[in-house]
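Visitor: Could you take one place in this model for a close look, and then lead me from there to the rest?

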Amino acid sequence: MSDRLSVFKTYKLYVGGKFPRSESGRVYEVQDSKGNWLANAPLSSRKDARDAVVAARKAFGGWSGATAYNRGQVLYRVAEMLEGRREQFVREVADAEGLSKSKAASVVDATIDRWVWYAGWTDKIAQVTGGANPVAGPYFNLSSPEPTGVVAVLAPQESSFLGLVSVVAPVIATGNTAVVIASEKAPLPALSLGEVLATSDVPGGVVNVLSGRTAEIAAPLAAHQDVNAIDLAGADEDLAKELEIAAADNLKRVLRPQAVDYFETPGTERLTAFLETKTVWHPTGALGASGSSY
Amino acid sequence: MPTTAPTARALGDVTASDSTLRRFLHGLPGVDAVGLEARAASLGTRSIKTTAKAYAIDLAISMVDLTTLEGADTPGKVRALGAKAVHPDPTDRTTPTTAAVCVYPDMVAVAKEAVAGSGVKVASVATAFPAGRAALDVKLADVREAVAAGADEIDMVIDRGAFLAGRYLKVFDEIVAVKEACGTNARLKVIFETGELSTYDNIRRASWLGMLAGADFIKTSTGKVAVNATPANTLLMLEAVRDFRAQTGVQVGVKPAGGIRTSKDAIKFLVLVNETAGEDWLDNHWFRFGASSLLNDLLMQRQKLATGRYSGPDYVTVD
């Protein structure tokens with residue numbers, strides 16, 4: 001076989017359905033677990049965070065307005081695309097986390113299964129968390145969960161792919177849009193996930209992926225007045241405290257970091273964490289002699 | 001500084017007849033389109049930060065002609081706009097007022113009442129805006145109605161059909177007649193609708209034509225067509241007012257309108273003004289932005305500078 005120059009991949013951000021470089025023009029070196037150079041990833045600035053929030057806000061109306069069934073189909077399509085890129089992700093996860101090929105393969109399989117699991121929840125979560133409330137009067141009283149809005153997600157630092165999908169999928173499954181900060185040390189699987197999302201019917205801006213220093217990007221997001229919630233999964237104790245204080249300013253919903261085994265099948269906590277319950281009253285009409293008119 | 005344009009002595013009798021006017025306008029140097037756009041683009045790369053940015057944002061807010069020109073305008077909407085012009089950010093009273101509100105002639109009285117006592121001016125479009133396709137008498141009646149209702153400024157549209165057909169004197173006479181109808185109190189802004197003039201040469205000619213006819217302001221566009229204010233055509237008009245003052249001593253204002261939506265864009269225009277026409281124009285008496293959504297972005301940027309946190313559309317009014 002003749003010597004061939006290998007084609008290196010330029011990892012880029014995923015914002016608003018496009019693949020921009022960082023506005024700052026900066027990159028940083030990403031290394032594998034043994035310290036070998038893997039690639040340069042964009043080192044996002046606060047302006048990238050700001051642009052991502054604008055994109056996420058713009059996408060929110062359409063995504064939250066789509067039917068739950070449609071969102072489920074779109075998310076399932078993402079799983080199909082992930083399956084097609086399975087080998088690439090196995091390689092990236094193996095490099096990022098220092099796993100053997102077979103171990104990495106089981107991580108990627110679990111990740112794709114996780115995505116399918118959450119895709120199935122899109123049109124079921126409302127029945128589980130919402131419902132009809134008994135009231136003393138001629139009214140229907142219905143509670144239904146609604147998406148919170150733009151959610152900033154600090155992806156887990158260690159589990160670069162399974163952990164990432166475990167925190168991103170529940171946020172968008174319920175109709176939120178997300179600004180995701182990839183694992184600082186291992187951002188490559190997250191940046192590649194952007195490429196999957198771009199080719200799988202997920203409208204641009206629903207998920208925005210930023211790579212760089214978690215603390216640097218998270219600070220402006222936590223203080224941002226147009227971000228409605230923040231998932232602190234990827235923050236250490238000190239950073240989480242600092243961000244929670246900043247997030248209190250506009251009463252963001254905050255999901256504190258917690259110890260999670262991402263291989264375990266999750267509950268619905270991450271789905272409900274970014275839902276708000278809306279309750280409506282609707283008259284049933286006069287109650288008849290039998291006690292009910294319906 | 002004179003604010004009304006006399007027939008410019010320095011330019012002699014170029015407006016004496018259609019042929020002398022045409023000879024003069026076509027004798028203006030041609031525009032180097034590539035150079036113009038490159039210059040506008042390069043001036044757009046200036047970095048304006050911290051205190052300079054704060055100054056620019058406040059200046060830009062004070063230059064906004066807050067505009068609503070919809071068929072669906074109601075007195076309530078115009079009053080809301082007036083309130084916003086007077087206190088753009090009710091949570092921060094250090095925010096400057098906008099320069100003016102810009103409405104249709106039938107809404108002038110409502111707008112006048114809404115901004116009474118605040119120093120905010122009321123501008124009214126007139127002369128069969130936005131097409132300008134009506135008889136001169138109708139246009140003048142439109143103007144007189146707006147002036148009688150108390151408009152401080154009149155935004156007229158030129159007859160683009162006549163201009164493109166080369167009947168410059170007709171356009172000229174119309175502007176003169178409208179200027180006369182404005183009387184002594186109302187300032188006249190002349191809209192060229194640069195998006196319909198097709199070439200930069202035409203924009204330069206229209207600028208000179210408008211200034212010769214006594215415009216107090218030359219304005220790019222109505223905001224009703226596909227191409228509105230661009231840095232390049234605004235730069236061209238700024239060059240025209242600079243050269244006009246150099247030749248005649250008469251200063252004319254410039255108003256880009258339409259398509260300017262972000263603070264970043266607005267600041268780029270301010271750089272153009274400073275670098276082309278000069279500091280004398282960095283004042284809302286001589287430079288305006290015709291805009292509606294721009295103001296919200298300026299306010300969000302202003303809040304960001306004040307608090308250090310990014311603001312969002314929940315913290316400004318929905319217009």
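**A cis proline and its surroundings**

Guide: B:Pro130 sits in the loop of chain B that runs between strand S3 (121-126) and helix H6 (136-148), where helices (H or I, at least four residues) and strands (E, at least two) are DSSP runs numbered from the N terminus. The peptide bond leading from B:Phe129 into B:Pro130 is cis, its omega being near 0°. This is a predicted model, in which local features need pLDDT of at least 70 and side-chain atom pairs count only at pLDDT 80 or more, while totals for chains, interfaces and linings use all residues. Residues are numbered from 1 along each chain as its sequence is written, and chains are lettered from A and ligands numbered from 1 in the order in which they are written.

From this loop one can pass to helix H8 (residues 168-182) of chain B, which holds B:Ala177. Apart from neighbours within four places in sequence, B:Ala177 is in contact with B:Leu136 and B:Leu140, two residues being in contact if their C-beta atoms, placed from the backbone, lie within 7 Å. B:Ala177 counts as partly exposed because it has 17 C-beta neighbours inside 10 Å; a residue is buried if 20 or more other C-beta atoms lie within 10 Å of its own, exposed if 12 or fewer, and partly exposed in between, again with C-beta atoms placed from the backbone. The C-alpha atoms of B:Ala177 and B:Leu236, which are 59 residues apart along the chain, are separated by 26 Å.

The next topic is the interior. The largest nonpolar core has 94 residues, and B:Ala60, B:Val64, B:Val101, B:Ala111, B:Ile154, B:Val190 and B:Ile218 touch the most other members; such a core is a set of buried Ala, Val, Leu, Ile, Met, Phe, Trp, Tyr and Cys residues joined through C-beta atoms within 7 Å. Helix H10 (residues 231-248) of chain B gives the most to this core, with 8 residues. A second, separate core of 86 residues includes A:Ile125, A:Val165, A:Leu191 and A:Phe274.

B:Val64 itself touches B:Thr98, B:Ala99, B:Phe289, B:Ala291, B:Leu294 and B:Leu295, not counting residues up to four places away in sequence. Strand S1 (residues 64-67) of chain B is joined to S2(B) by 3 bridges, and the two run parallel, pairing being recognised if DSSP finds at least two bridges between the strands. Within this pair B:Thr67 stands opposite B:Cys102 in S2(B). In a regular strand the side chains alternate between the two faces of the sheet. Strand S2 (residues 100-103) of chain B is covered on both faces, with B:Ala100 and B:Cys102 buried on one side and B:Val101 and B:Val103 buried on the other.

A further backbone feature of chain B is B:Thr50, whose phi is near 45°, a positive value in a residue other than glycine. B:Thr50 is found in helix H3 (residues 50-62) of chain B, and B:Thr50 counts as exposed because it has 8 C-beta neighbours inside 10 Å.

Chain B also touches the other chain. The contact takes 7 residues from chain B and 7 residues from chain A. On the chain B side these are 3 nonpolar, 2 polar and 2 charged residues, with Ala, Val, Leu, Ile, Met, Phe, Trp, Tyr, Cys and Pro counted as nonpolar, Asp, Glu, Lys and Arg as charged, and the others, Gly among them, as polar.

Across that contact, chain A comprises 10 helices and 10 strands, and buried residues make up 46% of its 294 residues. In chain A, 3 strands form an open antiparallel sheet in the order S3-S4-S10. Strand S3 (131-132) and strand S10 (275-283) of chain A are at the edges, each with a single partner strand, so one side of each is left without a neighbour in the sheet. S3(A) pairs with strand S4 (residues 139-147) of chain A over 2 bridges in the antiparallel sense, and A:Ala132 has A:Leu142 in S4(A) as its bridge partner.

Chain A has its own positive phi in a residue other than glycine, near 55° at A:Leu251. A:Leu251 lies in the loop between helix H9 (237-247) and strand S9 (253-255) of chain A, and A:Leu251 counts as exposed because it has 9 C-beta neighbours inside 10 Å.
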